Amino acid sequence: MGRLLKILLITVVAIILLLAIAVFVITQVIDPNEFKPEIEKQAREQANLTLNIEGDLAWQFWPSLGVSIGRTEARIADQEALFAALNEASLSVAVLPLLYGQVEMDGIRLAGVEVNLVDAPDGANWELIGPQSTAEAETPEEATSTASAESGSLDIPLTIPEVIVSDGKVRYRNTVDGTDIVVEHFNLSAQDVNLNEPFPLQMSLRYQDQSDMRVDMSLDTVLAADIDNTHFVLNPMTLDANIAGATTMPVDVHLEQNLDVNLTDDTLSIKDLLLTAAGTETRGNVDVKALTGDLQVSGKLATQPFDANKVLQSIGEAPIETTDSNALSKISLDATLGGEPGSVMVKPLTLKLDNSTLSGSAGLASLASGKIVFDLLLDTINLDGYMPPSTEEDSSDAAAGTGKAGGTASLSTDELIPVETLRPLLIDGKFAIGSLSYDGISASDLKFAVTAQNGVIKLTQATGKTLDGSFSAQATLDASGKTPKMTASNTVTSVQIQPIAQMALDDDLAKGLFSMTGNYSASGNSEKALMDSAKGTLDLNLSDATVRGLNLYNTLVGGVNDMLGQFQGLAAAMIPGQESGKLPSALSEDTKILDLNSKARLDKNVAYLDSLDAVLSKGKISGNGWMNILNQDFDLKIGMQSPELGTSKYLTDTTWPLRCEGNLEGDPAKWCGPDKSGFKDIGKQVAAKATQDKLKDKLGIEGEGDTAEEVIKDAAKKKAKEEVDKQIQDGLKKLFN
């Protein structure tokens, strides 16, 4: 027995010695560089690659048995452009386990890997890789069978202690659309790689594209990979990135999560998500089903309150200046993800902005069509705090002699409507505001509805209550054709006009109840084109109103007094009880309007008042005119009747001509004045009638004429004729008597 054990021991030692000698001979005697021609030949035949192995092939014996390769370049067929290259690669197995018939990988190392991918109109360069002969390639089943038949009894390695890829680079270029993406400084390190057990993995890289976007990223995770079932778990996973080019200053992003991707079940799961970036923090969990089919998402996301201006500061952007220094300082989000398959919906959605809360639902109702739907409610908001601070700079004078045609020169001819962006939109949304305040004006129960399809965007509802009244509007933008077209209509009912005038003109110009209906249309794709083509009709009503700083009655009285000064002695005849020859002015500097109605039409940038009829506290007016809606210039010709001046038989139903012109930003007291020539004509007519009456009463003669002078002359002629006739008659009587 002892002798047998001795023989066995000697045999084992001999085998080990022979194996060691064999390994030594292989690594020290056989030159692997002799295989270069064969390797290059196989690369040409099997992959259509021209392989150039510049570095030497080398054996490694101890403590690991392996082979390494130096600088190697690959080009597709006979192209000069480099397709791929590597500076160094090595593969090694542990020597001692090999002596016992076991294969234990010691490590895989790749350094300086470079790949250039080019996508051109005639195809991509990687599509040329592979056998180019027409001979039938070995089927996967045959290859597997051959490999199995040729495999020996050595154990297949289950664990690779180390896999290292350093300084890799991949460049992708598309010569059609100009895309140029470079992924460089790619480094990967994995320890104890085992497809049956989780193993640690670290990776880093830099991404850069043609828009100068740059992302430096590092990943640290533990990977569990079930290759047979295409199931991958990264738990835990930490990713840090520095993103530059999207903002003025680079942004640091930190992501933590447990990621589970099961391609067999077509699912993805993100648990314990933590995302921090630019001072914001978001947590949540997300599950995705049917990754490659009708995607279905569920989960919750929550963003902690953050200050918007601090976020902007962290990325190098200017802060948003607001009247309220605390505005935008507390923004948070809570979102529950859900929806039917093929959609991504957030319901409920809660977005808090300082003291306001936006709630409801929103999302993509169909990923296939891209349809956007939303139904949102903003409970309350005060816009004053979010407006930019007022400045002391004086606004430009809009009334600088621009007149009816002024204002269009300042309009832009740049493209205004992004038609290419609007045409594919598919939207069905509703938005409501419980209460809103701005510049002293409050509104409530605001409701809006919008749809978009085939390049036609419609505001189907815009209603609300404000200033003791209500409003409603509808509008359509048709961007489906070459030239965008717009139509709109609106109704305003019994709205207090005082706050509107105060906000628009920065002056307490008027008060009263304002109502309006209007229809408008325009076409074009610039400010100037839209205003030049704008047309519309408006019906306006103003009741129980007062225009401050403008007294039309005093304007009328001033014109009458000027007229009376030209016709001395007629004041008593024209205005009973006013023998002094001068009418008194009203104490008030305002005009009280009991009811006003106007019909107007919009043509280009001018609103033409085709009719204006109003009942005042001291008379009534009628007239027409125009107003430039851009520069607020206006010109009105008004006829005014006053009951206080209508008591005289000479002035009954007399319409006094007034002229109001100027700019709404000007002094109302200077707007209106009498039409002096018109007043003079009225004075001539009144004087002529009064002269006729006096001549008839005193002389019994009716003079004719348009002026007092003409009446007197005509009466004198008639008087002279009467005297001549009387003398002739007296002479005849004497002659015949």
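**Figure 1. The disulfide between Cys-660 and Cys-672 in the predicted model.** Cys-672 is buried, with a relative accessible area of 13%. Its partner Cys-660 is buried as well, at 3% relative accessibility. The sulfur atoms of Cys-660 and Cys-672 are 1.8 Å apart. The torsion about their S-S bond is about 110°, so the disulfide is right-handed. Cys-660 belongs to strand β34 (residues 656-663) and Cys-672 to strand β35 (residues 672-674), so that the bond links distant parts of the chain, twelve residues apart. The disulfide count for the structure is one.

**Figure 2. Surroundings of Glu-184 in strand β11.** The strand spans residues 180-193. Glu-184 is buried but takes part in no salt bridge. Lys-169 carries the nearest side chain of opposite charge, at a distance of 4.7 Å; a salt bridge requires a nitrogen-to-oxygen separation within 4 Å. When neighbours within four places in sequence are left aside, the contacts of Glu-184 are Gly-168, Lys-169, Leu-205, Arg-206 and Gln-208.

**Figure 3. Salt bridges of Asp-216 with Arg-206 and Arg-214.** The structure holds 15 salt bridges. In the one between Arg-206 and Asp-216, the N to O distance is 2.6 Å. Arg-206 lies in strand β12 (residues 199-208) and Asp-216 in strand β13 (residues 214-226), so this pair ties together parts that are ten residues apart in sequence. Asp-216 also forms a salt bridge with Arg-214, where the closest N and O atoms are 3.2 Å apart. Arg-206 is partly exposed, with a relative accessible area of 25%. Asp-216 is partly exposed at 23%, and Arg-214 is likewise partly exposed at 23%.

**Figure 4. The salt bridge between Lys-599 and Asp-539, and a salt-bridge network elsewhere in the chain.** The side chains of Lys-599 and Asp-539 meet at 3.3 Å, N to O. Lys-599 is in strand β30 (residues 591-603) and Asp-539 in strand β29 (residues 535-547), so the pair ties together parts that are 60 residues apart in sequence. Lys-599 counts as partly exposed, at 48% relative accessibility. Asp-539 is also partly exposed, at 36%. Arg-71, Glu-73 and Arg-75 are joined into one network by salt bridges that share partners.

**Figure 5. The largest nonpolar core, with Ala-190 and Leu-201.** This core has 53 residues, and Ala-190 and Leu-201 touch the most other members. Strand β15 (residues 251-262) supplies the largest share of the core, five residues. Not counting residues up to four places away in sequence, Ala-190 touches Pro-161, Glu-162, Val-163, Phe-199, Pro-200 and Leu-201. Another core, of 46 residues, lies apart from this one. Its members include Ala-510, Val-557, Leu-609 and Leu-616.

**Figure 6. Antiparallel pairing of strands β25, β26 and β27.** Strand β25 (residues 456-466) pairs with strand β26 (residues 469-478) in the antiparallel sense over nine bridges. Strand β26 in turn runs antiparallel to strand β27 (residues 485-496), to which nine bridges join it. Phe-471 of β26 is the bridge partner of Gly-464. On β27, the bridge partner of Phe-471 is Val-492. The hairpin of β25 and β26 has two residues between the strands, and Leu-467 takes a positive phi near 50° there. The hairpin that joins β26 to β27 runs through six residues.

**Figure 7. Ile-53 in strand β1 and its approach to Thr-72.** Strand β1 covers residues 49-53. Ile-53 is buried, with a relative accessible area of 5%. The C-alpha atoms of Ile-53 and Thr-72 are separated by 4.3 Å, although the two residues are 19 apart along the chain.

Key:
Residues numbered from 1 in each chain as written. Predicted model: local features only at pLDDT ≥ 70, side-chain atom pairs only at ≥ 80, totals over all residues. Heavy atoms only, no water. Helix = DSSP H or I, 4+ residues; strand = E, 2+ residues; numbered from the N terminus. Buried < 20%, exposed > 50% of the residue type's maximum accessible area, 1.4 Å probe, protein only. Lys, Arg positive; Asp, Glu negative; His and termini not counted. Contact = heavy atoms within 4.5 Å. Core = buried A, V, L, I, M, F, W, Y, C linked by side-chain atoms within 4.5 Å. Pairing = 2+ DSSP bridges. Disulfide = S-S within 2.5 Å.
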